[in-house]
Amino acid sequence: MNRVLQTIAWALWLTALPLFALVNYDGPVRQVDGIMLLPDADRPNAWYYLPTTPHVARNTQGLPELMVVKFIDPNGKASGGLFHMLVTLDLPKDALEELQKKVKKEIPGATLLGPVPLRQESECSFTIVSATLSDKGFTHSVISSGRAPVTPGSKAAVAASLSPHGATLLWESLMHPTSDVSIALHAYYEAKIPAYRAKIRADISTVYDHMSKVLNRQQEYTKRQLRDIYDEMVRTGVIEIEILDRLPEKSSNQAMQRLTEMASEKLTKIIFDTKTGFTAMPKKEQAVEKGQLKGRQSRGWITKLFKGTGDQKYYTDNQYVLKKREDINRGIFSINITRNSVVKVPFDTAGNISGLYEVYKSHPEIFRVVNLADPAFQKREVFFRIDGDYTDAFEKIMNFGSVNVRKVYEDANRSVATGELLFTREDIRKGKFSKSWTYARLGEESDAWLNYDYRVTWSVKGNRKVQLPEKSDAWFTTKDPIVTIAPPLERLDLQIDADRLAFDEVGIKTALVMARYTLFGKPKREKIALLKHNDADSLSSAILFHDPGTPVEYKVNWYPYGAKAVKGEWMKLDEEYLMLTPPHIKR
């Protein structure tokens, strides 16, 4: 039940994590209680903790998942040992709860998301550092799961079979503050980093200043015009471009570089194009020209007709016109181009298995010494061999033969040990007629522990199988150390003899000997010998396998020179020696 609740808790914790958990590479790093905290790349005030060192995992009862066994033979000498442990990176439950409390206290409003999501590139990321476990003289074999336990709740396994010296050295090292076994782990975590950052800033100001002054004084018939036109255009533009490229690969940010160049080019064109751009000159103000100011007017022809030119009175006409226009355009452009990238940050750590013996030496499930003289550790090896008389059947009839073996123990649970031995055609060709199976005594006191069961299955050519015993739930029971097995067939070694001189006397050139019999319930016909008149040896041999208790018949067809064949009749074969006499052929 506790394991189920723990699994549900891990599932809920994983669901609460962001879908793509990344660390902010440029963010602040905090350290709480000796554990490093790294900020999340997207969530403010959210943190991950970096696992410290690999250590022995603990089961639901809080005990380390470690087993160290040293074997002692009946003479009192060390005979070897076993070493097995599960390794994890997870913080223990109490340590994780304490870390969460301290994070909330030291970083107000902080959220602890969990461990940094670690990843590994290959199965070589998890290694065992030990002189005992790496020395072939001390260790017979070392097996590990290979992959590091980088995901929450995962574990890595290490198992070793030790020689007598290796078991003694390892046991002694575990009794000291620093043992001979360390676990090294190589992994990485992903962090977000601004790989390319470009900032383009332009400060533009355009000033148009126009001023016209005209003073017109007309006295009597003199007119003086004064014009002063002043036009001034001032354009100032400043463009600043800042680029930060953090990736060492030249091709990584080529697209971003092209985007920056394009934005800079377009912005420059917009600013400094004096016709359509931001600094285009405004429409000029028209200055005061000649004729725009009215002076003394003469009489028209109608007035002159009735009144004449007259003696008009002069008057002074003083006019003063002032124009002033000032246009100021100001603009600030700012473009930020940023590309974030993900980098692999290596993470290497190692932990030593130490101090466990002092705490758990009284727990036999963790540390124990075993006396091999105990009947519980006795073993028995039994052998199965193919009957030598039936090895030829593998070439002609059989595909393979298999032996299923079992040992039923007389304990309360009726526990069963099983095994299987396979004899193939290739095994027979190589002379492997015998194979063995080993089972343990497991503390049975009586000689009934010598009893075991077996059954044999023969695979016959033509996709047929024959099982002995025939019933599917039946077994042979024996206590013999060696069992000879053979297919359920009878073997017939046949010798065929014929006088070749008699062949020539009666004009027989060739004789064909055929046999018919029953094989696994099906009739079979076979050519067993071809006798020729010029054979150097008069004796021929043949081997026949047939169902037990079924008859074997033969017949001979005679082929003379220049005449029709003489076919014989089927006759029962009662003997292993067959003497053939050719019939007299009339010429």
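## Pairing up strands

Two strands count as a pair if DSSP finds at least two bridges between them. With that in hand, look at β26 and β29: they pair in the antiparallel sense, over 8 bridges. Keep in mind that what you are looking at is a predicted model.

The same strand β26, residues 490–498, also has β33 as a partner. Here the two strands run parallel, and 4 bridges join them. Gln495 is a handy residue to find on screen: it stands opposite Ser541 in β29, and it also stands opposite Tyr577 in β33. In general, strands of a sheet pair through backbone hydrogen bonds, and the pairing can be parallel or antiparallel.

## The sheet around β26

Put those pairs together and you get an open sheet of 3 strands, in the order β29-β26-β33, with mixed pairing. So what is left without a neighbour in this sheet? The edges are held by β29 (539–546) and β33 (577–580), and each has a single partner strand, so one side of each has no neighbour in the sheet. The sheet isn't flat either: neighbouring strands are turned by 25° against each other on average, ignoring direction.

## Another sheet of 3 strands

Now scroll back along the chain. β21, β18 and β25 make an open sheet too, in the order β21-β18-β25, and its pairing is mixed. Its edge strands are β21 (434–440) and β25 (482–485), each pairing on one side only. From one strand to the next, the twist averages 25°.

Strand β18 covers residues 379–386, and it pairs with β21 in the antiparallel sense over 7 bridges. If you want a spot to zoom in on, Glu381 stands opposite Thr438 in β21.

## What sits inside

Which residues touch the most other members of the largest nonpolar core? That core has 53 residues, and the best-connected ones are Phe384, Val403, Ile485, Ile528, Leu531 and Leu580. Strand β27 (residues 508–519) gives the largest share of this core, with 6 residues. Apart from it lies another core, of 42 residues, including Phe83, Leu89, Ile183 and Leu185.

Try clicking on Leu531. Leaving out residues up to four places away in sequence, Leu531 touches a whole list of others, among them Ile496, Phe503, Val513, Ser540 and Leu580.

## A helix with a buried face

Helix α4 spans residues 164–174, and its buried residues are Gly166, Ala167, Leu170, Trp171, Ser173 and Leu174. Why do they line one face of the helix? Look down the axis of α4: the buried residues fall within an arc of 165°, so they end up along one face.

## The whole chain

Time to zoom out. The protein chain has 10 helices and 33 strands. Of its 587 residues, 37% count as buried. The chain exposes about 35300 Å², and carbon and sulfur atoms supply 51% of that area.

How do the contacts spread along the sequence? Among contacts between residues at least 6 apart in sequence, 73% join residues at least 24 apart.

Methods
Residues are numbered from 1 along each chain as its sequence is written. This is a predicted model: local features need pLDDT of at least 70, side-chain atom pairs count only at pLDDT 80 or more; totals for chains, interfaces and linings use all residues. Side-chain values use heavy atoms; hydrogens and water are left out. Buried means under 20% relative accessible area, exposed over 50%, partly exposed in between (1.4 Å probe, protein chains only). Contact means heavy atoms within 4.5 Å. Accessible areas come from the Shrake-Rupley method with a 1.4 Å probe; for residues, only the protein chains shown count as cover. Axes are lines fitted to C-alpha atoms, for helices over the stretch in contact, and angles run from 0 to 180 degrees between N-to-C directions. The arc is that of the directions from the helix axis to the C-beta atoms. A nonpolar core is a set of buried Ala, Val, Leu, Ile, Met, Phe, Trp, Tyr and Cys residues joined through side-chain atoms within 4.5 Å.
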